[in-house]
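Trainee: I have a model open and would like to learn how to read its sheet, its helices and its core. Could you walk me through them?

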Amino acid sequence: MSIEIVLRGLGRHVPEKVLSNSDLETIVETSDEWITTRTGIKTRHVVSEGEYTSDLAVGAAEMALKNAGMDAEELTHIVVATFTPDAMVPSCACIVEEKLGIKGRAVYDIAAACSGFLYGLENARAILALHPEARVLVIGAETCTRRTNFDDRTTCVLFGDGAGAAIVTRDGDGPKIRDVKLSSDGSLSKLLTVKGGGSSSSYEKVGDPIREDYFIQMEGREIFKHAVRSMTTVCNQILADNDMTRDQLNVLIPHQPTGASSTPWAASSTCRPKRYFPMSSATATPLPQASP
Ligand SMILES: CC(C)(COP(=O)(O)OP(=O)(O)OC[C@H]1O[C@@H](n2cnc3c(N)ncnc32)[C@H](O)[C@@H]1OP(=O)(O)O)[C@@H](O)C(=O)NCCC(=O)NCCS
């Protein structure tokens with residue numbers, strides 16, 4: 001059964017510490033000009049010692065609750081999308097539940113990397129189809145810099161830390177989600193990896209000293225190519241499924257870090273989306289909407 005869901009409140013949280021392109025120039029051989037031209041990124045937020053993914057998640061959750069006019073007690077489910085949880089076990093959602101001062105909720109993490117927040121929304125929709133009274137907290141939170149190799153200029157200029165959250169319900173006031181389309185191509189899974197900590201990498205390989213497997217490894221150019229193609233396909237599909245055309249769109253929020261992958265699709269529209277948000281933190285889709 002397909003149902004509409006309501007975003008009752010949105011929140012965001014980023015760490016205070018900021019790393020600029022000129023800071024990066026002192027760490028790796030790069031330039032503000034190279035980074036800006038290719039990605040549009042000027043600064044990224046970075047966690048400090050003792051600051052974890054769950055802290056960012058809770059910051060975003062508290063803002064979302066405030067914007068929804070709700071108390072944490074009213075939540076029934078917590079879904080956290082992250083590939084950089086505080087630990088393998090317990091789930092980040094479990095830690096968030098404790099930090100929000102509540103107990104007895106259904107809580108779990110989703111591992112869908114950059115697409116995590118969208119998977120979280122679809123999970124919320126499934127929960128609400130089953131339990132119409134549920135109030136689901138969906139969070140996308142990452143501390144990518146904990147898995148970034150600051151000797152590798154091809155990745156360290158891209159990733160930052162942050163969280164976005166939404167309180168999702170079946171009824172009430174707020175923007176509605178009409179449809180979600182998810183799609184994956186497992187044959188391309190080797191294009192972006194963080195192997196360390198998984199069952200394919202033993203302690204001897206990932207342990208001390210830390211090896212490459214611990215970090216994000218990426219074939220950026222290949223990803224870009226496939227991202228442009230699949231974003232075009234999926235955008236066209238979801239519009240067709242909902243009897244809509246591109247010129248009916250007001251806002252496009254690509255979750256892709258540089259935003260450039262969706263530009264060809266947006267640019268080929270005869271009537272372009274009125275607002276367009278490229279993201280610097282891939283899983284934190286609600287960030288721009290929650291911005292003051
Ligand atoms: C990452 C990305 C911005 C790189 O841009 P690109 O134009 O493809 O750059 P390339 O990787 O082909 O590298 C071009 C050159 O710049 C160099 N280069 C790479 N990183 C650099 C940096 N930070 N500073 C300066 N030079 C750099 C390369 O070594 C290469 O040099 P060469 O031509 O002498 O070999 C782009 O590929 C991209 O946006 N990819 C998608 C990434 C993505 O979506 N990842 C998913 C994350 S959720």
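Trainee: Let's begin with strand pairing. How many bridges join β1 to β7?

Mentor: The general idea is that strands of a sheet pair through backbone hydrogen bonds, either parallel or antiparallel. In this predicted model, β1 and β7 run antiparallel and are joined by 7 bridges. To find the register, look for R12, whose bridge partner in β7 is G164.

Trainee: And which way does β7 pair with β6?

Mentor: That pairing is antiparallel too, with 8 bridges between β6 and β7. Two positions fix the register for you: L137 has I167 as its bridge partner in β7, and I139 stands opposite A165.

Trainee: Where do parallel pairs occur?

Mentor: β4 pairs with β6 in the parallel sense over 5 bridges, and I78 stands opposite L137 there. β4 and β5 also run parallel, joined by 5 bridges, with H77 opposite A106 in β5.

Trainee: In what order do the strands of the open sheet come?

Mentor: Reading across, the 6 strands follow the order β5-β4-β6-β7-β1-β8, and the pairing is mixed. β5 and β8 stand at the edges with a single partner strand each, so one side of each has no neighbour in the sheet.

Trainee: How should I read the side chains along a strand?

Mentor: In a regular strand the side chains alternate between the two faces of the sheet. Take β7: D161, A163, A165, I167 and T169 point one way, G162, G164, A166 and V168 point the other way, and all are buried. With 9 of its 9 residues buried, β7 is therefore largely enclosed by the rest of the structure.

Trainee: Which residues of β6 point each way?

Mentor: V136, V138, G140 and E142 point one way from β6, while L137, I139, A141 and T143 point the other way. β6 is mostly covered, with 8 of its 8 residues buried.

Trainee: Now the helices. Which strands does α5 lie across?

Mentor: α5 lies across β1, β4, β5, β6, β7 and β8, and runs at about 165° to β6. To judge whether a helix is regular, compare its reach with the expected span: the 15 residues of α5 reach 21 Å from first C-alpha to last, close to the 21 Å expected.

Trainee: Why is α5 described as largely enclosed?

Mentor: The reason is that 12 of the 15 residues of α5 are buried, so the rest of the structure largely encloses it. The buried residues include F117, Y119, E122 and R125, so do not expect a purely nonpolar list here.

Trainee: What about α4?

Mentor: α4 lies across β4, β5 and β6, at about 130° to β4.

Trainee: How many residues of α3 are buried?

Mentor: 13 of its 16 residues are, and α3 is mostly covered. α3 spans residues 53-68 and reaches 22 Å, close to the 22 Å expected. Just after α3, G69 takes a positive phi of about 65°.

Trainee: How do I move from single elements to a core?

Mentor: In soluble globular proteins, nonpolar side chains tend to be buried together. Here the largest nonpolar core has 43 residues, and A57, A61, V96, V138 and I139 touch the most other members. At least two residues each come from β1, α3, β4, α4, β5, α5, β6 and β7. α3 gives the most to this core, with 9 residues.

Trainee: Which residues does A61 touch?

Mentor: Leaving out residues up to four places away in sequence, A61 touches G11, V96, L100, L137, I139 and A165. There is also a second, separate core of 10 residues, including L24, C144, F159 and I216.

Trainee: What should I keep in mind about the whole chain?

Mentor: The protein has 10 helices and 12 strands, and 40% of its 292 residues count as buried. Among contacts with a separation of 6 or more, 75% are between residues 24 or more positions apart.

Trainee: And where is the pLDDT below 50?

Mentor: The average pLDDT is 88, and 87% of the residues score at least 70. Over residues 280-292, however, the pLDDT is below 50, although this stretch has 49 contacts in the model beyond near neighbours in sequence.

Methods
Residues are numbered from 1 along each chain as its sequence is written. This is a predicted model: local features need pLDDT of at least 70, side-chain atom pairs count only at pLDDT 80 or more; totals for chains, interfaces and linings use all residues. Helices (H or I, at least four residues) and strands (E, at least two) are DSSP runs, numbered from the N terminus. The expected span of a helix is 1.5 Å times one less than its number of residues. A residue is buried if 20 or more other C-beta atoms lie within 10 Å of its own, exposed if 12 or fewer, and partly exposed in between; C-beta atoms are placed from the backbone. A nonpolar core is a set of buried Ala, Val, Leu, Ile, Met, Phe, Trp, Tyr and Cys residues joined through C-beta atoms within 7 Å. Two residues are in contact if their C-beta atoms, placed from the backbone, lie within 7 Å. Two strands pair if DSSP finds at least two bridges between them. Axes are lines fitted to C-alpha atoms, for helices over the stretch in contact, and angles run from 0 to 180 degrees between N-to-C directions. pLDDT is the predictor's confidence in each residue, from 0 to 100.
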